[in-house]
Amino acid sequence: MTNVIELDNLTVSFGARPILKGLSIALAGRAIGLLGPNGAGKTTLIHTLLGFHKPSGGTARVLGFDIRRDAISMRAGVGYMPERDAYIAEMTAVHLVRLMAELSGIPSEAALERAHEALFFVGLGEARYRGLETYSLGMKQLAKLAQSIVHSPKLIILDEPTNGLDPPARRRMLDLVKQIRDSGHARILFSSHLLRDVEEVCEDVLILRDGQIASYVNLEEDRKANEGALEIEASGDIDAFALALAGRGCSVTPAGPRRARLTLGEGMTATQVFEIAASSSAQVRRLVPKRDSLEDIFHKALVNGRGSL
Amino acid sequence: MAVYEHSYAPYTGALTPRWSRFLVIPRHAVREVFRSRLLTGTFAISFVYPLVSAILIYLHHNINALSIFELPVRALLPIDSGFFQAYVSTQAIFAFLITLFVGPALIASDLTNNGLPLYLARPFTRFEYIAGKLTVVVALLSAVTWLPGMLLIGLQAYLEGGSWLVRHLPLVSGVFFGSWMWIAVLSMLALAVSAFVRRAIAARAALFGAMIVPSALAAVINFSFRTTWGGLVSFRSCLDSILVALLGSETRVDVPAGPALFSILLLVGMCAGALALRVRAYEVVR
(Lines give C-alpha, C1' and ligand atoms only; values in the text may rest on other atoms or scores of the structure.)
Protein backbone atom coordinates (compact mmCIF):
# COMPACT_ATOMS: atom_id res chain seq x y z
CA MET A 1 0.00 0.00 0.00
CA THR A 2 1.35 3.43 -0.96
CA ASN A 3 2.22 6.00 1.66
CA VAL A 4 -0.60 8.41 2.29
CA ILE A 5 1.30 10.73 4.60
CA GLU A 6 5.07 11.15 4.88
CA LEU A 7 6.57 13.34 7.56
CA ASP A 8 10.13 14.40 6.97
CA ASN A 9 11.66 15.96 10.09
CA LEU A 10 8.49 18.04 10.40
CA THR A 11 8.86 20.77 12.98
CA VAL A 12 6.23 23.34 13.90
CA SER A 13 6.70 26.15 16.40
CA PHE A 14 4.33 28.87 17.50
CA GLY A 15 6.68 31.73 18.27
CA ALA A 16 9.42 30.27 20.46
CA ARG A 17 7.19 27.40 21.59
CA PRO A 18 7.92 24.14 19.72
CA ILE A 19 4.75 22.11 19.14
CA LEU A 20 5.88 19.35 16.75
CA LYS A 21 9.51 18.32 17.14
CA GLY A 22 11.10 16.81 14.06
CA LEU A 23 8.54 14.14 13.20
CA SER A 24 9.69 11.62 10.57
CA ILE A 25 7.52 8.71 9.56
CA ALA A 26 5.63 7.23 6.58
CA LEU A 27 1.98 6.31 7.15
CA ALA A 28 0.45 3.82 4.77
CA GLY A 29 -2.64 2.25 6.33
CA ARG A 30 -6.25 2.35 5.11
CA ALA A 31 -7.33 3.91 8.40
CA ILE A 32 -4.72 5.52 10.61
CA GLY A 33 -5.51 6.47 14.16
CA LEU A 34 -3.89 9.54 15.64
CA LEU A 35 -3.65 9.29 19.38
CA GLY A 36 -2.07 11.27 22.14
CA PRO A 37 -2.85 13.02 25.38
CA ASN A 38 -4.14 16.60 25.33
CA GLY A 39 -1.47 18.95 24.03
CA ALA A 40 0.48 16.17 22.30
CA GLY A 41 0.23 17.96 18.95
CA LYS A 42 -2.49 15.93 17.17
CA THR A 43 -4.55 18.89 16.01
CA THR A 44 -1.45 20.93 15.15
CA LEU A 45 -0.23 18.02 13.01
CA ILE A 46 -3.58 17.88 11.20
CA HIS A 47 -3.64 21.64 10.67
CA THR A 48 -0.07 21.58 9.37
CA LEU A 49 -0.89 18.77 6.95
CA LEU A 50 -3.81 20.87 5.66
CA GLY A 51 -1.52 23.87 5.21
CA PHE A 52 -3.09 25.97 7.97
CA HIS A 53 0.25 26.29 9.76
CA LYS A 54 3.61 26.66 8.03
CA PRO A 55 6.26 24.18 9.19
CA SER A 56 9.21 25.89 10.84
CA GLY A 57 11.42 23.02 9.73
CA GLY A 58 11.27 19.92 7.57
CA THR A 59 8.25 19.13 5.44
CA ALA A 60 5.49 16.59 4.86
CA ARG A 61 3.92 14.97 1.84
CA VAL A 62 0.22 14.16 1.71
CA LEU A 63 -0.94 11.93 -1.17
CA GLY A 64 2.50 12.59 -2.67
CA PHE A 65 2.11 16.41 -2.62
CA ASP A 66 4.54 18.51 -0.64
CA ILE A 67 2.56 20.61 1.82
CA ARG A 68 4.94 23.56 1.38
CA ARG A 69 4.85 23.66 -2.42
CA ASP A 70 1.64 21.93 -3.54
CA ALA A 71 -0.82 22.66 -0.73
CA ILE A 72 -3.64 23.51 -3.14
CA SER A 73 -3.22 20.33 -5.24
CA MET A 74 -2.96 18.34 -2.03
CA ARG A 75 -6.16 19.82 -0.58
CA ALA A 76 -8.07 18.88 -3.74
CA GLY A 77 -7.67 15.27 -2.64
CA VAL A 78 -8.36 15.77 1.05
CA GLY A 79 -11.59 16.02 3.02
CA TYR A 80 -11.52 17.54 6.49
CA MET A 81 -13.97 17.26 9.32
CA PRO A 82 -12.99 19.81 11.98
CA GLU A 83 -13.19 19.05 15.66
CA ARG A 84 -15.16 22.12 16.69
CA ASP A 85 -18.62 23.17 15.57
CA ALA A 86 -18.16 24.51 12.05
CA TYR A 87 -20.87 25.69 9.70
CA ILE A 88 -21.95 28.72 7.74
CA ALA A 89 -24.73 30.81 9.23
CA GLU A 90 -28.26 30.70 7.86
CA MET A 91 -27.60 27.78 5.57
CA THR A 92 -29.41 24.49 5.22
CA ALA A 93 -27.34 21.33 5.25
CA VAL A 94 -27.84 20.77 1.54
CA HIS A 95 -26.80 24.36 0.80
CA LEU A 96 -23.62 24.03 2.88
CA VAL A 97 -22.59 20.70 1.40
CA ARG A 98 -23.33 21.94 -2.12
CA LEU A 99 -21.27 25.10 -1.55
CA MET A 100 -18.36 23.00 -0.30
CA ALA A 101 -18.61 20.70 -3.31
CA GLU A 102 -18.56 23.68 -5.65
CA LEU A 103 -15.54 25.15 -3.91
CA SER A 104 -13.80 21.84 -4.56
CA GLY A 105 -14.50 22.25 -8.26
CA ILE A 106 -17.66 20.21 -8.82
CA PRO A 107 -20.01 22.03 -11.24
CA SER A 108 -23.13 23.55 -9.67
CA GLU A 109 -25.74 20.97 -10.75
CA ALA A 110 -23.51 17.99 -10.03
CA ALA A 111 -22.62 19.56 -6.68
CA LEU A 112 -26.29 19.71 -5.73
CA GLU A 113 -26.73 16.06 -6.66
CA ARG A 114 -23.60 15.09 -4.70
CA ALA A 115 -24.82 17.11 -1.70
CA HIS A 116 -28.06 15.11 -1.64
CA GLU A 117 -26.13 11.84 -1.99
CA ALA A 118 -23.68 12.69 0.77
CA LEU A 119 -26.46 13.76 3.15
CA PHE A 120 -28.46 10.61 2.44
CA PHE A 121 -25.32 8.55 2.96
CA VAL A 122 -24.68 10.01 6.42
CA GLY A 123 -28.34 9.65 7.35
CA LEU A 124 -29.45 13.28 7.14
CA GLY A 125 -31.58 12.79 4.05
CA GLU A 126 -34.83 13.75 5.74
CA ALA A 127 -33.31 16.75 7.53
CA ARG A 128 -31.28 18.11 4.64
CA TYR A 129 -33.44 21.20 4.11
CA ARG A 130 -33.28 22.24 7.75
CA GLY A 131 -31.08 25.13 8.90
CA LEU A 132 -27.81 23.98 10.42
CA GLU A 133 -28.43 26.11 13.51
CA THR A 134 -31.40 23.89 14.35
CA TYR A 135 -29.35 20.67 14.20
CA SER A 136 -28.44 18.68 17.29
CA LEU A 137 -24.75 18.07 18.03
CA GLY A 138 -24.89 14.61 16.47
CA MET A 139 -26.54 15.96 13.33
CA LYS A 140 -23.94 18.71 13.04
CA GLN A 141 -21.21 16.08 13.26
CA LEU A 142 -22.89 14.14 10.45
CA ALA A 143 -23.25 17.30 8.34
CA LYS A 144 -19.52 17.94 8.84
CA LEU A 145 -18.82 14.39 7.72
CA ALA A 146 -21.02 14.90 4.65
CA GLN A 147 -19.15 18.05 3.59
CA SER A 148 -15.83 16.26 4.08
CA ILE A 149 -16.72 13.43 1.70
CA VAL A 150 -18.86 15.23 -0.90
CA HIS A 151 -15.99 15.85 -3.34
CA SER A 152 -14.68 12.27 -3.18
CA PRO A 153 -11.40 12.93 -1.41
CA LYS A 154 -8.66 10.31 -1.40
CA LEU A 155 -7.83 11.10 2.21
CA ILE A 156 -10.41 12.02 4.84
CA ILE A 157 -9.11 13.66 7.99
CA LEU A 158 -11.51 13.27 10.88
CA ASP A 159 -10.69 15.29 13.98
CA GLU A 160 -12.51 13.87 17.00
CA PRO A 161 -15.56 12.80 14.98
CA THR A 162 -17.33 11.12 17.90
CA ASN A 163 -16.86 13.99 20.34
CA GLY A 164 -19.97 14.62 22.39
CA LEU A 165 -22.09 12.01 20.62
CA ASP A 166 -24.54 9.79 22.48
CA PRO A 167 -24.03 6.02 22.07
CA PRO A 168 -26.39 5.51 19.08
CA ALA A 169 -24.95 8.53 17.26
CA ARG A 170 -21.41 7.37 18.03
CA ARG A 171 -22.23 3.92 16.69
CA ARG A 172 -23.68 5.47 13.53
CA MET A 173 -20.59 7.63 13.03
CA LEU A 174 -18.20 4.70 13.50
CA ASP A 175 -20.21 2.52 11.12
CA LEU A 176 -20.08 5.25 8.46
CA VAL A 177 -16.33 5.66 8.84
CA LYS A 178 -15.85 1.89 8.58
CA GLN A 179 -18.06 1.83 5.49
CA ILE A 180 -15.93 4.51 3.85
CA ARG A 181 -12.77 2.68 4.85
CA ASP A 182 -14.03 -0.63 3.47
CA SER A 183 -15.16 0.97 0.20
CA GLY A 184 -11.48 1.47 -0.60
CA HIS A 185 -12.17 4.85 -2.21
CA ALA A 186 -10.58 6.89 0.55
CA ARG A 187 -7.96 6.52 3.26
CA ILE A 188 -8.74 7.85 6.71
CA LEU A 189 -6.78 9.73 9.34
CA PHE A 190 -8.82 9.41 12.51
CA SER A 191 -7.80 11.62 15.41
CA SER A 192 -9.44 10.87 18.72
CA HIS A 193 -8.77 10.58 22.39
CA LEU A 194 -11.27 7.72 22.62
CA LEU A 195 -9.13 4.58 22.38
CA ARG A 196 -12.09 2.28 21.79
CA ASP A 197 -13.15 4.26 18.73
CA VAL A 198 -9.65 4.22 17.28
CA GLU A 199 -9.29 0.51 17.99
CA GLU A 200 -12.58 -0.20 16.24
CA VAL A 201 -11.91 1.83 13.12
CA CYS A 202 -8.17 1.94 12.58
CA GLU A 203 -5.58 -0.54 11.41
CA ASP A 204 -2.54 1.60 12.19
CA VAL A 205 -2.06 3.90 15.11
CA LEU A 206 0.33 6.81 15.46
CA ILE A 207 0.79 7.90 19.04
CA LEU A 208 2.13 11.36 19.75
CA ARG A 209 3.44 12.61 23.02
CA ASP A 210 4.78 16.07 23.70
CA GLY A 211 5.14 16.80 19.98
CA GLN A 212 7.13 13.64 19.27
CA ILE A 213 6.27 10.22 17.92
CA ALA A 214 5.83 7.90 20.86
CA SER A 215 4.84 4.87 18.80
CA TYR A 216 3.50 3.74 15.45
CA VAL A 217 1.90 0.32 15.47
CA ASN A 218 -0.08 -1.84 13.11
CA LEU A 219 -2.81 -3.22 15.32
CA GLU A 220 -3.26 -6.38 13.24
CA GLU A 221 0.44 -7.21 13.25
CA ASP A 222 0.58 -6.48 16.94
CA ARG A 223 -2.28 -8.89 17.52
CA LYS A 224 -0.55 -11.55 15.43
CA ALA A 225 2.68 -11.03 17.35
CA ASN A 226 0.73 -11.60 20.52
CA GLU A 227 -0.84 -14.86 19.39
CA GLY A 228 0.11 -17.64 21.85
CA ALA A 229 0.61 -15.15 24.63
CA LEU A 230 -1.10 -16.04 27.89
CA GLU A 231 -1.46 -14.55 31.30
CA ILE A 232 -1.02 -17.12 34.02
CA GLU A 233 -1.52 -17.17 37.77
CA ALA A 234 -0.28 -20.18 39.68
CA SER A 235 0.37 -21.47 43.20
CA GLY A 236 2.52 -24.29 44.64
CA ASP A 237 6.12 -24.78 43.49
CA ILE A 238 6.18 -21.86 41.13
CA ASP A 239 9.94 -21.86 40.53
CA ALA A 240 9.93 -25.50 39.41
CA PHE A 241 6.91 -24.79 37.22
CA ALA A 242 8.66 -21.83 35.58
CA LEU A 243 11.79 -23.90 34.97
CA ALA A 244 9.75 -26.72 33.45
CA LEU A 245 7.94 -24.30 31.14
CA ALA A 246 11.25 -22.75 30.05
CA GLY A 247 12.56 -26.27 29.40
CA ARG A 248 9.68 -26.81 26.97
CA GLY A 249 10.59 -23.66 25.02
CA CYS A 250 8.14 -21.26 26.63
CA SER A 251 9.04 -17.66 27.49
CA VAL A 252 8.02 -16.67 30.98
CA THR A 253 8.03 -13.05 32.12
CA PRO A 254 7.06 -12.30 35.72
CA ALA A 255 4.13 -9.88 35.95
CA GLY A 256 3.56 -9.65 39.69
CA PRO A 257 3.32 -12.05 42.66
CA ARG A 258 2.39 -15.56 41.35
CA ARG A 259 1.60 -14.08 37.99
CA ALA A 260 3.53 -14.21 34.75
CA ARG A 261 3.18 -13.51 31.09
CA LEU A 262 3.70 -16.68 29.12
CA THR A 263 4.46 -17.20 25.45
CA LEU A 264 3.92 -20.79 24.41
CA GLY A 265 6.71 -22.75 22.77
CA GLU A 266 6.51 -24.10 19.22
CA GLY A 267 3.58 -26.52 18.81
CA MET A 268 2.49 -26.28 22.41
CA THR A 269 -1.14 -25.98 23.51
CA ALA A 270 -2.66 -24.52 26.66
CA THR A 271 -3.67 -28.01 27.86
CA GLN A 272 -0.01 -28.98 28.08
CA VAL A 273 0.54 -26.07 30.49
CA PHE A 274 -1.77 -27.81 32.97
CA GLU A 275 0.15 -31.11 32.52
CA ILE A 276 3.48 -29.37 33.17
CA ALA A 277 1.98 -27.66 36.25
CA ALA A 278 0.80 -31.01 37.62
CA SER A 279 4.22 -32.60 37.08
CA SER A 280 5.91 -29.62 38.83
CA SER A 281 3.65 -29.70 41.91
CA ALA A 282 2.07 -26.38 40.94
CA GLN A 283 -1.56 -25.43 40.42
CA VAL A 284 -2.79 -23.17 37.67
CA ARG A 285 -5.30 -20.75 39.18
CA ARG A 286 -5.94 -18.64 36.12
CA LEU A 287 -4.93 -18.94 32.48
CA VAL A 288 -6.25 -16.40 29.98
CA PRO A 289 -5.13 -15.40 26.48
CA LYS A 290 -3.20 -12.16 26.71
CA ARG A 291 -3.73 -9.61 23.96
CA ASP A 292 -2.42 -6.09 24.17
CA SER A 293 -5.37 -3.75 24.00
CA LEU A 294 -4.84 -0.35 22.43
CA GLU A 295 -4.95 0.98 25.96
CA ASP A 296 -1.91 -1.17 26.83
CA ILE A 297 -0.13 -0.06 23.67
CA PHE A 298 -0.98 3.56 24.38
CA HIS A 299 0.17 3.31 27.96
CA LYS A 300 3.39 1.52 26.98
CA ALA A 301 4.08 4.11 24.28
CA LEU A 302 3.69 6.94 26.72
CA VAL A 303 5.96 5.28 29.26
CA ASN A 304 8.57 3.80 26.94
CA GLY A 305 8.27 5.90 23.82
CA ARG A 306 10.68 8.50 22.71
CA GLY A 307 8.71 11.01 24.66
CA SER A 308 9.96 10.95 28.20
CA LEU A 309 7.45 10.32 30.96
CA MET B 1 -25.59 7.21 -7.89
CA ALA B 2 -29.25 7.59 -6.99
CA VAL B 3 -29.85 9.48 -3.77
CA TYR B 4 -31.66 6.55 -2.16
CA GLU B 5 -28.63 4.29 -2.50
CA HIS B 6 -26.97 4.96 0.80
CA SER B 7 -23.46 3.94 -0.09
CA TYR B 8 -20.25 5.84 -0.60
CA ALA B 9 -19.31 6.38 -4.23
CA PRO B 10 -16.73 8.73 -5.70
CA TYR B 11 -17.40 11.63 -8.07
CA THR B 12 -15.94 11.01 -11.48
CA GLY B 13 -17.17 14.00 -13.51
CA ALA B 14 -15.33 17.07 -14.80
CA LEU B 15 -14.17 19.88 -12.51
CA THR B 16 -14.60 23.62 -12.96
CA PRO B 17 -11.50 25.74 -13.75
CA ARG B 18 -9.64 26.81 -10.62
CA TRP B 19 -9.65 30.52 -11.44
CA SER B 20 -13.47 30.63 -11.43
CA ARG B 21 -14.04 29.07 -8.01
CA PHE B 22 -13.95 32.31 -6.03
CA LEU B 23 -17.14 33.27 -7.90
CA VAL B 24 -18.95 30.46 -6.09
CA ILE B 25 -19.01 32.65 -2.95
CA PRO B 26 -20.81 35.68 -4.46
CA ARG B 27 -23.24 33.42 -6.32
CA HIS B 28 -24.36 31.79 -3.10
CA ALA B 29 -24.10 35.00 -1.04
CA VAL B 30 -26.20 37.23 -3.31
CA ARG B 31 -29.08 34.77 -3.03
CA GLU B 32 -28.92 35.08 0.76
CA VAL B 33 -28.45 38.84 0.69
CA PHE B 34 -31.71 39.54 -1.14
CA ARG B 35 -33.71 37.63 1.44
CA SER B 36 -33.61 40.85 3.44
CA ARG B 37 -36.55 43.05 2.40
CA LEU B 38 -34.85 46.10 3.86
CA LEU B 39 -31.83 45.61 1.62
CA THR B 40 -33.97 44.81 -1.41
CA GLY B 41 -35.93 48.01 -0.78
CA THR B 42 -32.77 50.12 -0.36
CA PHE B 43 -31.30 48.54 -3.47
CA ALA B 44 -34.43 49.40 -5.47
CA ILE B 45 -34.56 52.99 -4.12
CA SER B 46 -30.93 53.49 -5.09
CA PHE B 47 -32.02 53.40 -8.75
CA VAL B 48 -34.39 56.36 -8.34
CA TYR B 49 -31.68 59.02 -8.65
CA PRO B 50 -30.16 57.47 -11.84
CA LEU B 51 -33.70 57.28 -13.24
CA VAL B 52 -34.39 60.94 -12.42
CA SER B 53 -31.01 61.85 -13.95
CA ALA B 54 -31.90 59.93 -17.12
CA ILE B 55 -35.21 61.81 -17.32
CA LEU B 56 -33.39 65.14 -16.90
CA ILE B 57 -30.97 64.25 -19.70
CA TYR B 58 -33.88 63.26 -21.89
CA LEU B 59 -35.75 66.52 -21.18
CA HIS B 60 -32.65 68.51 -22.11
CA HIS B 61 -32.88 67.10 -25.60
CA ASN B 62 -36.61 66.98 -26.10
CA ILE B 63 -38.25 70.35 -26.79
CA ASN B 64 -41.70 68.77 -27.11
CA ALA B 65 -41.49 67.25 -23.67
CA LEU B 66 -40.31 70.55 -22.20
CA SER B 67 -43.21 72.37 -23.77
CA ILE B 68 -45.68 69.80 -22.49
CA PHE B 69 -44.41 70.32 -18.95
CA GLU B 70 -44.00 74.05 -19.61
CA LEU B 71 -40.42 73.96 -18.39
CA PRO B 72 -37.77 76.42 -19.60
CA VAL B 73 -34.43 74.75 -20.47
CA ARG B 74 -32.69 77.08 -18.00
CA ALA B 75 -34.74 75.59 -15.14
CA LEU B 76 -33.04 72.25 -15.72
CA LEU B 77 -29.68 71.36 -14.27
CA PRO B 78 -26.89 71.66 -16.84
CA ILE B 79 -25.42 68.31 -17.94
CA ASP B 80 -21.82 69.00 -16.95
CA SER B 81 -19.22 67.90 -14.44
CA GLY B 82 -21.36 69.22 -11.58
CA PHE B 83 -24.28 67.06 -12.71
CA PHE B 84 -22.16 63.91 -12.64
CA GLN B 85 -20.38 64.92 -9.43
CA ALA B 86 -23.79 65.16 -7.77
CA TYR B 87 -24.67 61.78 -9.29
CA VAL B 88 -21.55 60.02 -7.90
CA SER B 89 -21.90 61.68 -4.48
CA THR B 90 -25.58 60.76 -4.18
CA GLN B 91 -25.03 57.19 -5.30
CA ALA B 92 -22.11 56.90 -2.86
CA ILE B 93 -24.61 57.43 -0.03
CA PHE B 94 -26.72 54.53 -1.31
CA ALA B 95 -23.55 52.49 -1.80
CA PHE B 96 -22.71 53.13 1.85
CA LEU B 97 -26.19 52.06 2.98
CA ILE B 98 -25.99 48.85 0.94
CA THR B 99 -22.51 48.16 2.34
CA LEU B 100 -23.89 48.70 5.82
CA PHE B 101 -26.46 45.94 5.21
CA VAL B 102 -24.27 43.47 3.34
CA GLY B 103 -20.63 43.93 4.36
CA PRO B 104 -20.46 43.40 8.12
CA ALA B 105 -21.92 39.88 8.09
CA LEU B 106 -19.75 38.57 5.27
CA ILE B 107 -16.73 37.41 7.27
CA ALA B 108 -18.09 37.93 10.79
CA SER B 109 -20.61 35.09 10.43
CA ASP B 110 -17.91 32.70 9.22
CA LEU B 111 -15.67 33.64 12.13
CA THR B 112 -18.49 33.27 14.65
CA ASN B 113 -19.50 29.84 13.39
CA ASN B 114 -15.95 28.63 12.77
CA GLY B 115 -16.69 28.35 9.06
CA LEU B 116 -13.26 29.40 7.79
CA PRO B 117 -11.63 25.95 8.16
CA LEU B 118 -14.37 24.54 5.94
CA TYR B 119 -13.42 26.94 3.13
CA LEU B 120 -9.67 26.82 3.61
CA ALA B 121 -9.41 23.02 3.88
CA ARG B 122 -10.41 22.93 0.19
CA PRO B 123 -8.34 23.82 -2.87
CA PHE B 124 -9.17 27.41 -2.08
CA THR B 125 -6.77 30.09 -0.84
CA ARG B 126 -7.28 32.89 1.65
CA PHE B 127 -6.86 35.33 -1.23
CA GLU B 128 -9.66 33.60 -3.17
CA TYR B 129 -11.86 33.65 -0.08
CA ILE B 130 -11.35 37.41 0.36
CA ALA B 131 -11.77 37.98 -3.39
CA GLY B 132 -15.04 36.04 -3.29
CA LYS B 133 -16.38 38.04 -0.33
CA LEU B 134 -15.18 41.28 -1.92
CA THR B 135 -16.99 40.42 -5.14
CA VAL B 136 -20.31 40.29 -3.26
CA VAL B 137 -19.99 43.94 -2.19
CA VAL B 138 -18.31 45.10 -5.40
CA ALA B 139 -21.04 43.60 -7.60
CA LEU B 140 -23.84 45.23 -5.63
CA LEU B 141 -22.12 48.61 -5.43
CA SER B 142 -21.19 48.54 -9.12
CA ALA B 143 -24.85 48.00 -9.94
CA VAL B 144 -25.80 51.28 -8.22
CA THR B 145 -22.76 53.46 -9.02
CA TRP B 146 -20.64 53.30 -12.15
CA LEU B 147 -22.85 50.98 -14.22
CA PRO B 148 -25.88 53.34 -14.24
CA GLY B 149 -23.38 56.23 -14.48
CA MET B 150 -21.98 54.84 -17.70
CA LEU B 151 -25.51 54.37 -19.02
CA LEU B 152 -26.30 58.03 -18.25
CA ILE B 153 -23.15 59.16 -20.06
CA GLY B 154 -24.06 56.87 -22.94
CA LEU B 155 -27.56 58.37 -23.07
CA GLN B 156 -26.22 61.93 -23.01
CA ALA B 157 -23.65 61.10 -25.73
CA TYR B 158 -26.36 59.44 -27.85
CA LEU B 159 -28.70 62.43 -27.58
CA GLU B 160 -26.01 65.11 -27.86
CA GLY B 161 -23.89 63.44 -30.52
CA GLY B 162 -20.53 61.60 -30.49
CA SER B 163 -18.49 64.83 -30.29
CA TRP B 164 -19.90 65.50 -26.80
CA LEU B 165 -18.26 62.34 -25.54
CA VAL B 166 -14.91 63.35 -27.07
CA ARG B 167 -15.15 66.80 -25.45
CA HIS B 168 -16.13 65.34 -22.07
CA LEU B 169 -13.83 62.35 -21.74
CA PRO B 170 -12.81 63.40 -18.17
CA LEU B 171 -16.46 62.87 -17.20
CA VAL B 172 -16.26 59.23 -18.27
CA SER B 173 -13.08 58.54 -16.32
CA GLY B 174 -14.35 60.66 -13.42
CA VAL B 175 -17.59 58.75 -12.99
CA PHE B 176 -15.87 55.41 -13.56
CA PHE B 177 -12.80 55.84 -11.37
CA GLY B 178 -14.57 58.08 -8.84
CA SER B 179 -17.19 55.34 -8.30
CA TRP B 180 -14.51 52.67 -8.11
CA MET B 181 -12.65 54.61 -5.43
CA TRP B 182 -15.81 54.62 -3.33
CA ILE B 183 -16.38 50.92 -4.04
CA ALA B 184 -12.80 50.02 -3.09
CA VAL B 185 -12.89 51.97 0.17
CA LEU B 186 -16.36 50.82 1.24
CA SER B 187 -15.83 47.15 0.39
CA MET B 188 -12.38 46.89 1.95
CA LEU B 189 -13.48 48.79 5.06
CA ALA B 190 -16.59 46.62 5.41
CA LEU B 191 -14.60 43.38 5.11
CA ALA B 192 -11.90 44.56 7.51
CA VAL B 193 -14.50 45.55 10.10
CA SER B 194 -16.31 42.25 9.48
CA ALA B 195 -13.08 40.33 10.10
CA PHE B 196 -12.54 42.00 13.46
CA VAL B 197 -16.03 42.37 14.89
CA ARG B 198 -17.71 38.99 15.07
CA ARG B 199 -21.27 40.16 15.73
CA ALA B 200 -22.83 41.54 12.57
CA ILE B 201 -24.81 44.21 14.41
CA ALA B 202 -21.70 45.47 16.20
CA ALA B 203 -19.82 45.37 12.88
CA ARG B 204 -22.55 47.53 11.35
CA ALA B 205 -22.21 50.04 14.17
CA ALA B 206 -18.42 50.02 13.74
CA LEU B 207 -18.72 50.61 10.00
CA PHE B 208 -21.16 53.45 10.60
CA GLY B 209 -18.69 54.89 13.10
CA ALA B 210 -15.86 54.54 10.60
CA MET B 211 -17.82 56.85 8.30
CA ILE B 212 -18.95 59.41 10.88
CA VAL B 213 -16.06 59.61 13.36
CA PRO B 214 -13.27 60.55 10.88
CA SER B 215 -15.49 63.26 9.37
CA ALA B 216 -16.14 64.68 12.85
CA LEU B 217 -12.45 64.39 13.69
CA ALA B 218 -11.56 66.21 10.48
CA ALA B 219 -13.94 69.03 11.40
CA VAL B 220 -12.41 69.28 14.88
CA ILE B 221 -8.86 69.39 13.45
CA ASN B 222 -9.83 71.99 10.87
CA PHE B 223 -11.54 74.16 13.48
CA SER B 224 -8.81 73.81 16.11
CA PHE B 225 -5.85 74.46 13.84
CA ARG B 226 -7.60 76.77 11.34
CA THR B 227 -6.61 74.52 8.48
CA THR B 228 -8.29 72.36 5.85
CA TRP B 229 -5.79 69.50 6.00
CA GLY B 230 -7.85 67.75 8.64
CA GLY B 231 -9.81 66.40 5.70
CA LEU B 232 -7.01 63.88 5.20
CA VAL B 233 -8.33 61.78 8.08
CA SER B 234 -11.82 61.68 6.57
CA PHE B 235 -12.07 59.26 3.67
CA ARG B 236 -15.24 61.03 2.56
CA SER B 237 -13.39 64.36 2.15
CA CYS B 238 -10.53 62.55 0.40
CA LEU B 239 -12.86 60.79 -2.03
CA ASP B 240 -14.66 64.07 -2.76
CA SER B 241 -11.30 65.72 -3.52
CA ILE B 242 -10.29 62.90 -5.86
CA LEU B 243 -13.67 62.97 -7.60
CA VAL B 244 -13.49 66.74 -8.13
CA ALA B 245 -9.99 66.36 -9.61
CA LEU B 246 -11.07 63.48 -11.87
CA LEU B 247 -14.14 65.37 -13.17
CA GLY B 248 -12.20 68.61 -13.60
CA SER B 249 -14.87 70.37 -11.55
CA GLU B 250 -14.25 73.72 -9.88
CA THR B 251 -15.84 72.81 -6.57
CA ARG B 252 -13.76 73.88 -3.56
CA VAL B 253 -12.27 70.93 -1.64
CA ASP B 254 -10.48 70.54 1.68
CA VAL B 255 -7.34 68.74 0.55
CA PRO B 256 -5.51 68.42 -2.78
CA ALA B 257 -6.15 65.24 -4.78
CA GLY B 258 -2.58 63.88 -4.45
CA PRO B 259 -2.42 63.68 -0.66
CA ALA B 260 -6.08 62.57 -0.64
CA LEU B 261 -5.22 59.66 -2.95
CA PHE B 262 -2.28 58.75 -0.73
CA SER B 263 -4.57 58.79 2.31
CA ILE B 264 -7.09 56.54 0.55
CA LEU B 265 -4.40 54.09 -0.60
CA LEU B 266 -3.09 53.96 2.96
CA LEU B 267 -6.58 53.17 4.28
CA VAL B 268 -7.13 50.42 1.67
CA GLY B 269 -3.65 49.02 2.43
CA MET B 270 -4.42 48.94 6.15
CA CYS B 271 -7.70 47.12 5.47
CA ALA B 272 -5.86 44.57 3.28
CA GLY B 273 -3.29 44.05 6.05
CA ALA B 274 -6.06 43.58 8.61
CA LEU B 275 -7.75 41.00 6.37
CA ALA B 276 -4.47 39.12 5.83
CA LEU B 277 -4.05 39.03 9.59
CA ARG B 278 -7.54 37.86 10.46
CA VAL B 279 -8.62 35.58 7.64
CA ARG B 280 -7.00 32.36 8.80
CA ALA B 281 -8.41 28.91 9.33
CA TYR B 282 -7.38 28.96 12.98
CA GLU B 283 -6.03 31.61 15.25
CA VAL B 284 -2.60 30.66 16.59
CA VAL B 285 -2.03 31.44 20.24
CA ARG B 286 1.71 32.07 20.59
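Let me start with helix H7 of chain B, where 14 of the 19 residues are buried, so this helix is largely enclosed by the rest of the structure. I should say at once that what we are looking at is a predicted model. H7(B) runs over residues 126–144, and from its first C-alpha to its last it reaches 28 Å, which is close to the 27 Å expected at 1.5 Å a residue.

Staying with chain B for a moment, I would like to pick out one residue, Thr42(B), which lies in helix H2, residues 37–45 of that chain. Is Thr42(B) buried or exposed? Its relative accessible area comes to 13%, and since the cut-off for a buried residue is under 20%, Thr42(B) counts as buried. If we leave aside the neighbours within four places in sequence, the residues in contact with Thr42(B) are Phe94(B), Leu97(B), Ile98(B) and Phe101(B).

Now to chain A. Its secondary structure comes to eleven helices and 14 strands, and its C-alpha trace spans about 80 × 45 × 30 Å along the principal axes. Of the 309 residues in chain A, 54% are buried. When we take the contacts in chain A with a separation of 6 or more, 67% of them are between residues 24 or more positions apart.

That brings me to the interface. How many residues of each chain take part in the contact between chain A and chain B? There are 51 on chain A, and these are in contact with 39 on chain B. The size of an interface is often given as the accessible area lost when the parts come together. Here the two chains bury about 4,200 Å² between them, with 61% of that area on carbon and sulfur atoms.

As for polar interactions, the rule finds 16 residue pairs in polar contact across the interface, both residues being at pLDDT 80 or more, and it finds one salt bridge between the two chains. In that salt bridge the side chains of Glu102(A) and Arg27(B) meet, at 2.1 Å from N to O.

Which elements of chain A supply at least two residues each of the side that touches chain B? They are helix H2 (71–76), strand E6 (78–81), helix H3 (93–103), helix H4 (108–122), helix H5 (137–149) and helix H6 (167–183). H4(A) gives the largest share of that side, with eight residues. Sorted by class, the side of chain A that touches chain B has 26 nonpolar, 15 polar and ten charged residues.

How values were computed: Residues are numbered from 1 along each chain as its sequence is written. Chains are lettered from A and ligands numbered from 1 in the order in which they are written. This is a predicted model: local features need pLDDT of at least 70, side-chain atom pairs count only at pLDDT 80 or more; totals for chains, interfaces and linings use all residues. Side-chain values use heavy atoms; hydrogens and water are left out. Contact means heavy atoms within 4.5 Å. Buried area is the accessible area (1.4 Å probe) that two parts lose on being put together, summed over both. A salt bridge is a side-chain nitrogen of Lys or Arg within 4 Å of a carboxyl oxygen of Asp or Glu. A polar contact is a pair of N or O atoms within 3.5 Å; within protein, one must be able to donate a hydrogen and the other to accept it, and residues adjacent in sequence count only if both atoms are side-chain atoms. Helices (H or I, at least four residues) and strands (E, at least two) are DSSP runs, numbered from the N terminus. Ala, Val, Leu, Ile, Met, Phe, Trp, Tyr, Cys and Pro count as nonpolar, Asp, Glu, Lys and Arg as charged, and the others, Gly among them, as polar. The expected span of a helix is 1.5 Å times one less than its number of residues. Buried means under 20% relative accessible area, exposed over 50%, partly exposed in between (1.4 Å probe, protein chains only).
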